[in-house]
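User: Please take a close look at one part of this model. Start with the overall fold so that the part has a setting.

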Amino acid sequence: MIIAVISDIHDNIWNLQKALAMPELQATEAMLFCGDLCAPFVIHLLGRAYSRPIHMVFGNNDGDVATIIRNSKKYSNIHIHGEYFRSLLGGRELAMNHYPDKAREIAENGGFDIVCYGHNHIAVNDEMVGDTLLINPGAIMGYNGGELKDIPATYLILDTALLKAEVYQI
């Protein structure tokens with residue numbers, strides 16, 4: 001299964017629209033979103049531009065959660081899972097949340113083939129924790145708030161059969 005993994009949009013609709021138009025992203029079978037949409041209207045951009053399943057977790061900058069949930073109900077392909085998501089996708093046990101430390105703990109505890117996270121805006125596509133692939137798509141936002149500097153806007157394409165993720169710049 002080929003899966004798009006994105007995170008940390010932070011209302012940068014311009015970068016989001018560019019990412020959603022990328023042929024590699026549109027060729028995927030599902031999308032994982034690791035948190036930080038920010039404004040509830042961003043759900044509409046995702047729901048209209050990507051028709052396959054979108055699995056989402058909340059981040060620390062998703063302020064109006066009630067409206068995000070309400071908006072998501074307009075799209076049958078959007079599934080919000082709270083702070084944690086776990087599922088069998090493409091024959092792989094997968095978990096996702098927003099925070100690097102929590103994702104690492106999940107990976108260290110075992111039982112998952114893939115663990116996805118966001119938050120720090122740093123793309124990681126090849127870290128192995130035991131037998132678990134630990135990945136971060138970076139940030140659609142294209143900015144690192146901790147260091148106060150521009151960084152490339154990125155997302156990942158995950159191939160569950162090969163247990164491999166590739167970073168794409170927008």
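Analyst: The secondary structure of this predicted model comprises 5 helices and 13 strands in the protein chain. The chain has 170 residues, and its radius of gyration is 14 Å. A compact globule with that number of residues would come near 15 Å, so the two values agree. Along the principal axes, the C-alpha atoms occupy a box of roughly 40 × 35 × 30 Å.

Burial comes next. Of the 170 residues, 51% count as buried. The exposed surface of the chain is about 7500 Å². Carbon and sulfur atoms supply 51% of that area.

Contacts across the sequence can be put in numbers too. Take the contacts between residues at least 6 apart in sequence: 56% of them join residues at least 24 apart. The chain carries 12 positive and 20 negative charges. The mean positions of these two sets lie 8 Å apart.

Now the close look, at Ser 72. This residue belongs to helix H4, which covers residues 65-72. Is Ser 72 buried or exposed? Its relative accessibility is 6%. The cut-off for buried is under 20%, so Ser 72 counts as buried.

What does Ser 72 touch, once residues up to four places away in sequence are set aside? The partners are Ile 43, Ile 78 and Ile 80. The side chain of Ser 72 also has a polar partner: it reaches the backbone oxygen of Ile 69 at 2.7 Å. Ile 69 is within the span of helix H4, residues 65-72.

One distance places Ser 72 against another part of the chain. Asn 109 is 37 residues away along the chain. The C-alpha atoms of Ser 72 and Asn 109 are separated by 32 Å.

Val 167 serves as a second reference point. Val 167 sits in strand E13, residues 164-169. Its relative accessible area is 31%. That value falls between the cut-offs of 20% and 50%, so Val 167 is partly exposed, whereas Ser 72 is buried.

Val 167 has contacts beyond its neighbours within four places in sequence. Its partners there are Ala 123, Asn 125, Thr 154, Tyr 155 and Leu 156. One of them, Ala 123, is 44 residues from Val 167 along the chain. The C-alpha atoms of Val 167 and Ala 123 are nonetheless separated by 7.1 Å.

To return to the part in question: Ser 72 in helix H4 is buried, touches Ile 43, Ile 78 and Ile 80, and reaches the backbone oxygen of Ile 69 with its side chain.

Note on methods: Residues are numbered from 1 along each chain as its sequence is written. This is a predicted model: local features need pLDDT of at least 70, side-chain atom pairs count only at pLDDT 80 or more; totals for chains, interfaces and linings use all residues. Side-chain values use heavy atoms; hydrogens and water are left out. Helices (H or I, at least four residues) and strands (E, at least two) are DSSP runs, numbered from the N terminus. The radius of gyration is taken over C-alpha atoms; the globule rule is 2.2 Å times the number of residues to the power 0.38. Buried means under 20% relative accessible area, exposed over 50%, partly exposed in between (1.4 Å probe, protein chains only). Contact means heavy atoms within 4.5 Å. Accessible areas come from the Shrake-Rupley method with a 1.4 Å probe; for residues, only the protein chains shown count as cover. Lys and Arg count as positive and Asp and Glu as negative; His and the chain ends are not counted. The place of a charge is taken as NZ of Lys, CZ of Arg, CG of Asp or CD of Glu. A polar contact is a pair of N or O atoms within 3.5 Å; within protein, one must be able to donate a hydrogen and the other to accept it, and residues adjacent in sequence count only if both atoms are side-chain atoms.
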